[in-house]
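User: I would like to go through this structure and ask what backs each label. Please keep the answers short.

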Amino acid sequence: MTAEFRAISPLAKVPVWEEEGFSLPDSSVICAYLDRRVPSPTAYPEDPQAFARDLFWEEYADTRLVEAAGPVFFQRIVRGKIFKETPDEDLVRRNEEELLPPVLDQLETLFVGRDGYDGSTCTVGGLGVWSACINLSHAGYEIATADWPGLAAFVEKISAHPELSAIVEEERAALANA
């Protein structure tokens, strides 16, 4: 980690948004900034309660879901494909068998079930959940339709958006060549 990167990202995380001498670390902050900068179409629901729920699901995706899914992606993609090192499959298996199922259960019950995210609109919270699920897919872990039908349908529906499907295909192609 370079001192220059630490200067723009005190938490030493990506992403970092930079423009004309201005930088913002953290995806939540970047999304809020861009929503203010380009207010239409909005990235967040207009209704105050829906807005608050969306903020929560973005935070949930950014913390709990990434804690469970991140090691799978890191081991198989970053370590395995990019660094050309042997992934720690014991760590991957632990996350897949022990850590991911309760998180996916919560998403099935609360995110899709109670809060009704169905993929019909792309919001920051929904995209946060979707992107972590896509990273899992890149790493060879698919959301089982039998176990999490609502979440699997949500991911499939969001993935069908032309802009997002193009990004996923571009990522798959890049990872296939890594």
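Analyst: Let us start with a proline. P41 sits in the loop between α2 (27–37) and α3. This is a predicted model.

User: What makes the peptide bond between S40 and P41 cis?

Analyst: Its omega angle. Omega is about 0 degrees for the bond that joins S40 and P41, and that bond is cis. Most peptide bonds are trans.

User: Why is E20 called exposed?

Analyst: The cut-off for exposed is over 50% relative accessible area. E20 has 82%, so E20 is exposed. The residue lies in the loop between β1 (16–19) and β2 (22–25). E20 also has a positive phi of about 40 degrees, although it is not a glycine.

User: Why is D26 called partly exposed?

Analyst: Buried means under 20% and exposed means over 50%. D26 has a relative accessible area of 28%, so D26 is partly exposed. D26 is found in the loop between β2 and α2. Its phi is positive too, about 90 degrees, and D26 is not a glycine. Most residues other than glycine have a negative phi.

User: What is the order of the elements in the protein chain?

Analyst: From the N terminus on, the order is α-β-β-α-α-α-α-α-α. That comes to seven helices and two strands.

User: How do you know that the protein chain is as compact as a globular protein of that length?

Analyst: Set the radius of gyration against the globule rule. The rule gives 16 Å for 178 residues; the protein chain has 17 Å, which is close, so it is as compact as a globular protein of that length. The C-alpha atoms fill a box of roughly 45 × 45 × 30 Å along the principal axes. Buried residues make up 35% of the 178 residues.

User: Which residues touch the most other members of the largest nonpolar core?

Analyst: L104, L107, V129, I143, L151 and F154 do, in a core of 34 residues. Helices α3 (48–82), α4 (89–114), α5 (124–138), α6 (149–159) and α7 (162–176) each supply at least two residues of this core. The most come from α3, with eight residues. In soluble globular proteins, nonpolar side chains tend to be buried together.

User: What does F154 touch beyond residues up to four places away in sequence?

Analyst: Contact needs heavy atoms within 4.5 Å. On that basis F154 touches F111, V112, Y117, D118, G119, G126, V129 and W130.

User: How many positive and negative side chains does the protein chain have?

Analyst: There are 15 positive and 31 negative side chains. The centres of the two sets lie 4 Å apart.

How values were computed: Residues are numbered from 1 along each chain as its sequence is written. This is a predicted model: local features need pLDDT of at least 70, side-chain atom pairs count only at pLDDT 80 or more; totals for chains, interfaces and linings use all residues. Side-chain values use heavy atoms; hydrogens and water are left out. Helices (H or I, at least four residues) and strands (E, at least two) are DSSP runs, numbered from the N terminus. The radius of gyration is taken over C-alpha atoms; the globule rule is 2.2 Å times the number of residues to the power 0.38. Buried means under 20% relative accessible area, exposed over 50%, partly exposed in between (1.4 Å probe, protein chains only). Lys and Arg count as positive and Asp and Glu as negative; His and the chain ends are not counted. The place of a charge is taken as NZ of Lys, CZ of Arg, CG of Asp or CD of Glu. A nonpolar core is a set of buried Ala, Val, Leu, Ile, Met, Phe, Trp, Tyr and Cys residues joined through side-chain atoms within 4.5 Å.
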